[in-house]
Amino acid sequence: MTTELVLLLGIYAYILMGVFFGEFGPLETFKKSGPRLGARIERDISVGYQFQGKDGSKANWEKAGP
């Protein structure tokens, strides 16, 4: 009984580690897509893409200062 439990836990741990640390796991996916997401966010902030006011209206650019 103990041997089976140890083997099942080992297989379970092996599969979970493969999911999290494998080629298609969330860590590798974020390493590949994180910089792209950051670039998109920076672009959207710089151009004001889809910014909305509290009432749901789109933000308008206003001339700054005198």
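**View 1. Burial and exposed surface of the whole protein.** Buried residues (under 20% relative accessible area, with over 50% being exposed and values in between partly exposed; 1.4 Å probe, protein chains only) make up 6% of the 66 residues. The model is predicted: local features need pLDDT of at least 70 and side-chain atom pairs pLDDT 80 or more, while totals for chains, interfaces and linings use all residues. Residues are numbered from 1 along each chain as its sequence is written, and side-chain values use heavy atoms, without hydrogens and water. About 6600 Å² is exposed by the protein, 66% of it supplied by carbon and sulfur atoms (Shrake-Rupley method, 1.4 Å probe; for residues, only the protein chains shown count as cover).

**View 2. Helix H1, residues 2–21.** The protein has two helices and zero strands (DSSP runs numbered from the N terminus: H or I of at least four residues for helices, E of at least two for strands). The number of buried residues among the 20 of H1 is zero, so the helix lies largely in the open. Phe21, placed in H1, is exposed, with a relative accessible area of 58%.

**View 3. Helix H2, residues 26–47.** For its 22 residues, a span of 32 Å is expected at 1.5 Å a residue (1.5 Å times one less than the number of residues); the end C-alpha atoms are 30 Å apart, which agrees. A kink of about 45° lies at Ser33, shortly before the proline Pro35 (angle between axes fitted to the seven residues ending there and the seven starting there).
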